[in-house]
Amino acid sequence: MRKRIYIDIYSFFALLIFLIIIIFPYFWTLISSLKTAADFLHPLKFNFTPTLSHWANVINSQIPHQGINSILVGIITVVIALTVGAPAAYSFSRFNTGGEKTRFLILLSQMLPPAVLIVPIFLLMYSLKLLDTIWAVIFAHLTFITPLVTWFLIGFFDDVPRELEEAAKVDGCTPWQAFLWIVLPTIRPGLAAASLFGFILSWNDLYYALLLTGGKSKTLPVGIAGYWTFRGVEMGQMSSAIILAIIPVIIASFFIQKYLVRGLGGGAIKG
Amino acid sequence: MDERDFKYRLIIPLALLLIIVMIYPLGYSLWVSLHDFKLTSIGQEHFIGFSNYWNILKDHSFWRAISNTIIFVVLAVFLEFLIGFTLALMLHRETTPFRNIFRAILLSPMFITPIAVGLMFRFLLNSQLGFVPVILNKLGINIDWFSYKMALFTLVLIDVWQWTPFMLLLLLAGLESLSQDPFEAAKVDGAEGWNLIRYITLPLLKPVILAAIIIRMLDAFKVYEYVYAITRGGPGEATETIQYHIYRVGFLYFRLGEASAMAYLLIIVILVLVLILYHVLQREHANL
């Protein structure tokens, strides 16, 4: 009993140290977004007079527009991925279509490094005259978000009892109606988590967006990457933009953490 | 409509989409890799067989990028597993105070955009403006985090900061799904502490550990944003990773044929490594 309490105390303090390591970079970035340029020269000074000028500059820059681009890309990508992914995931879960190998292939295809696909996608978008539009990024994001969403939903369909469809069949539903009106609504949390996670991955991508967009079509990560280049540094604005990009995602993550294991395990790990 | 028909109809949209966005680009890329394809002279390419491949295999920079990437992946995933497993054990204990709050916050880095992580650490570790070097300096320690010798390791640490949470997430779920019976039995036999972990937890958790390590390794091979945000491959070629190298050759030097060939070689390297790893871990498993 005493030993257990000691381990509790050790665990608590060890976790506290890791917590500080995780939180400090966020805290530092937030502080930096409120510092004047002169105060940057004193990294240890925390009792400075805060300024909102960096935030004002960021709000009046391209960043809000780039944020909207990111939101559009994320939503369109996720809607397409869900539309084609959900029926397929249902088929993999219920009828084991294509067997274990197909499931594994879905998992692997989502792991393909972007470097492998960027050259052909770039050339394809060039010949379709879609370079520097958000459609090019949507096309590229579909390559990893579609398999991810499909894989993610398999585990949730596995949890739906088969009796549900049997009952629907007795009531005169076709298999398609049973899927659409009976099964799909029961995995609403899974659909929400898959959408949110897919959206976050799209929101976070730099590699594709950097090469496929430019000017007006830049997404938020591309905008953020532009703050610290060989041409110049804008620490304060960069910090504000980073905070803007990560806060919504961290808040969203609290809602999906619970479902993430079920989804990422693709039915392999029970969450 | 019988069931056989139905189950295939359900996957047709997915199959079509993947053919358009994946299979077709992969085929196109293979075609590009067999030509002297340059971004500066599109439409004037010639078939050159496997020349791109032979040239790359003889290219020192390619091998440097591959070895940098492998060092990065192995070090990062090893550290992430070690820390992730320790954290998972602590968070798995029901009596650990505030464990739900700890878990929610400790998992947060895996959700944020890697370019932001790269820039935050570039700032934090900057030798004049960064908090970490200034504090260490006061303690009499002088580390240049982005020097030739340190830079790759610094990128590893940044990766550990961001991706240990992923390892933690999977391992914690694995721990929670284990049956309690073997633990009770072992405790009756007098096993405790490290022995319990070594002989009961680790073997039972093996499939989850295997999956977590392989997924994380495949993901770590894609490292790019930290390099782009901080070092751009430098100093020298110290942090030139393969994903960055393909970007450089294809889009900074405009040699798309070579970049495509490199991408195909990368797939082969990754497949070989995954197979080796899979077999090694399987044999370990048999020995236990």
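**Notes on the two-chain model**

1. Let's start with one residue: B:Leu57 sits in helix 2 of chain B, which covers residues 51–57. Bear in mind that this is a predicted model. B:Leu57 has 12 C-beta neighbours inside 10 Å, and it therefore counts as exposed. Going along the chain, B:Leu75 is 18 residues away from B:Leu57, and the C-alpha atoms of the two are 25 Å apart.

2. Now for chain A overall. Chain A has twelve helices and two strands. Read from the N terminus, the order is α-α-α-α-α-α-α-α-α-α-α-β-β-α. The C-alpha trace of chain A spans about 75 × 70 × 30 Å along its principal axes. Of the 271 residues in chain A, 47% are buried. As for the contacts in chain A with a separation of 6 or more, 76% of them are between residues 24 or more positions apart.

3. On to the interface. How many residues does each chain put into the contact? Chain B gives 70 residues and chain A gives 69 residues. On the chain B side, helix 1 (residues 3–33) supplies the largest share, with 16 residues. By class, the side of chain B that touches chain A has 53 nonpolar, eleven polar and six charged residues.

4. One helix pair across the interface is worth a look: helix 1 (residues 2–32) of chain A against helix 5 (residues 114–124) of chain B. Their axes are 10 Å apart and the packing angle is about 75°. An angle of 65 to 115 degrees counts as roughly perpendicular, so that is how helix 1 of chain A and helix 5 of chain B are placed to each other. The residues that meet are A:Pro25, A:Trp28, A:Thr29 and A:Ser32 from helix 1 of chain A, with B:Met120, B:Phe121, B:Phe123 and B:Leu124 from helix 5 of chain B. That contact has six nonpolar and two polar residues, and no charged ones.

5. Within chain A, check helix 7 (residues 163–170) and helix 8 (residues 175–186), whose axes come within 10 Å and cross at roughly 150°. The crossing of helix 7 of chain A past helix 8 of chain A is right-handed. Helix 7 of chain A brings A:Leu164, A:Glu165, A:Ala168 and A:Lys169, which meet A:Ala178, A:Ile182, A:Val183 and A:Thr186 of helix 8 of chain A. Here the class split is five nonpolar, one polar and two charged residues.

6. Next, the core. Which residues touch the most other members of the largest nonpolar core? They are A:Ile224 and B:Ala116, in a core of 152 residues. Helix 6 (residues 134–158) of chain A makes up the largest share of this core, at 17 residues. Setting aside neighbours within four places in sequence, A:Ile224 is in contact with A:Met238, A:Ala241, A:Ile242 and A:Ala245, as well as with B:Ile115, B:Ala116 and B:Leu119.

7. Last, helix 11 (residues 242–252) of chain B. Is this helix largely enclosed or open? Eight of its eleven residues are buried, so helix 11 of chain B is largely enclosed by the rest of the structure. The buried residues are B:Ile242, B:Gln243, B:Tyr244, B:His245, B:Ile246, B:Tyr247, B:Val249 and B:Gly250. Just past the end of helix 11 of chain B, B:Phe254 has a positive phi of about 65°.

Technical notes. Residues are numbered from 1 along each chain as its sequence is written. Chains are lettered from A and ligands numbered from 1 in the order in which they are written. This is a predicted model: local features need pLDDT of at least 70, side-chain atom pairs count only at pLDDT 80 or more; totals for chains, interfaces and linings use all residues. Two residues are in contact if their C-beta atoms, placed from the backbone, lie within 7 Å. Helices (H or I, at least four residues) and strands (E, at least two) are DSSP runs, numbered from the N terminus. Ala, Val, Leu, Ile, Met, Phe, Trp, Tyr, Cys and Pro count as nonpolar, Asp, Glu, Lys and Arg as charged, and the others, Gly among them, as polar. Axes are lines fitted to C-alpha atoms, for helices over the stretch in contact, and angles run from 0 to 180 degrees between N-to-C directions. Angles under 35 degrees count as roughly parallel, over 145 as roughly antiparallel, 65 to 115 as roughly perpendicular and the rest as oblique. A crossing is left-handed if the near helix is turned anticlockwise from the far one by less than a right angle, and right-handed if clockwise. A residue is buried if 20 or more other C-beta atoms lie within 10 Å of its own, exposed if 12 or fewer, and partly exposed in between; C-beta atoms are placed from the backbone. A nonpolar core is a set of buried Ala, Val, Leu, Ile, Met, Phe, Trp, Tyr and Cys residues joined through C-beta atoms within 7 Å.
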